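I sat down with this structure to work through its fold, its packing and a few single residues. These are my entries, in the order in which I looked things up.

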Amino acid sequence: MIHMNEALIVEGRYDKSKLSALTDAIIVTTNGFGIYKDAEKRDFIRKLAKERGIVILTDSDNAGRQIRAYITSFVPSNQIRHAYIPVSYTHLTLPTKLEV
């Protein structure tokens, strides 16, 4: 299990489900573009960013870039780290359990 102090911000439930098997971090979903209409979730992400920092891990497609840009518009850049999965790896599936 990978330990992270920062909270992970991902797009959907599937992303959260897969990452939950790999890390003990707090994982928050944006529900895709649902983040645009969800003031409560934006406030929660802002609070997490201030308290522990966040890592944005969205898809490498246009929607993922838009969501990433939107989050960076309301969270200070010194509270954000960006993680990227190259497009060439997006077709791979994560293991269901961590093998050591």
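The entries below go from the overall fold to the strands, the cores and then single residues.

**Overall fold.** I noted at the outset that this is a predicted model. I counted three helices and four strands in the protein, and reading from the N terminus I found the order of elements to be β-α-β-α-β-α-β. I then looked up burial and surface: of the 100 residues, 38% are buried, while the protein exposes about 6500 Å², with carbon and sulfur atoms supplying 55% of that area. For contacts with a sequence separation of 6 or more, I recorded that 52% join residues 24 or more positions apart.

**Strand β1 and its neighbours.** Which strands pair with β1, and in what sense? I found that β3 pairs with β1 in the parallel sense over three bridges, and that β2, residues 27-29, also pairs with β1 in the parallel sense over three bridges. Taking one bridge from each pairing, I noted Ile9 with Ile56 in β3 and Leu8 with Ile27 in β2. Following the chain from β1 through α1 to β2, I recorded a right-handed β-α-β crossover. I also checked the two faces of β1, and both are covered, with Ala7 and Ile9 buried on one side and Leu8 and Val10 buried on the other.

**Nonpolar cores.** I next looked up the largest nonpolar core, which has 14 residues, and listed Ile9, Ile45, Ile54, Ile71 and Val75 as those with the most contacts inside it. The elements that contribute two or more residues to this core are β1 (7-10), α2 (39-52), β3 and α3. A second, separate core has eight residues, including Met4, Val10, Leu19 and Leu57. As background I wrote down that nonpolar side chains tend to be buried together in soluble globular proteins. What does Ile45 touch beyond four places in sequence? I listed Ile9, Val28, Ile35, Ile54, Ile71, Phe74 and Val75.

**Thr58.** I turned to Thr58, which sits in the loop between β3 (54-56) and α3 (62-74). Is Thr58 buried or exposed? Its relative accessible area is 4%, so I entered Thr58 as buried. For its polar partners, I found a polar atom of the Thr58 side chain 3.0 Å from the backbone oxygen of Gly64, and a polar contact of 3.3 Å between the side chains of Thr58 and Arg68. Leaving out residues up to four places away in sequence, I recorded that Thr58 touches Ile9, Glu11, Gly64, Ile67 and Arg68.

**Arg13 and Phe44.** My last entries concern two residues that I compared with Val28 by position. Arg13 belongs to helix α1, residues 13-20, and I entered Arg13 as exposed because its relative accessibility is 71%. Phe44 lies in helix α2, and with a relative accessibility of 38% I entered Phe44 as partly exposed, since that class runs between the 20% cut-off for buried and the 50% cut-off for exposed. Between C-alpha atoms, I found Arg13 and Val28 to be 9.0 Å apart in space and 15 residues apart in sequence, and Phe44 and Val28 to be 9.1 Å apart in space and 16 residues apart in sequence.

Key. Residues are numbered from 1 along each chain as its sequence is written. This is a predicted model: local features need pLDDT of at least 70, side-chain atom pairs count only at pLDDT 80 or more; totals for chains, interfaces and linings use all residues. Side-chain values use heavy atoms; hydrogens and water are left out. Buried means under 20% relative accessible area, exposed over 50%, partly exposed in between (1.4 Å probe, protein chains only). A polar contact is a pair of N or O atoms within 3.5 Å; within protein, one must be able to donate a hydrogen and the other to accept it, and residues adjacent in sequence count only if both atoms are side-chain atoms. Contact means heavy atoms within 4.5 Å. Accessible areas come from the Shrake-Rupley method with a 1.4 Å probe; for residues, only the protein chains shown count as cover. A nonpolar core is a set of buried Ala, Val, Leu, Ile, Met, Phe, Trp, Tyr and Cys residues joined through side-chain atoms within 4.5 Å. Two strands pair if DSSP finds at least two bridges between them. A crossover is right-handed if, with the strands pointing away from the viewer, the path from the first strand over the helix to the second runs clockwise.
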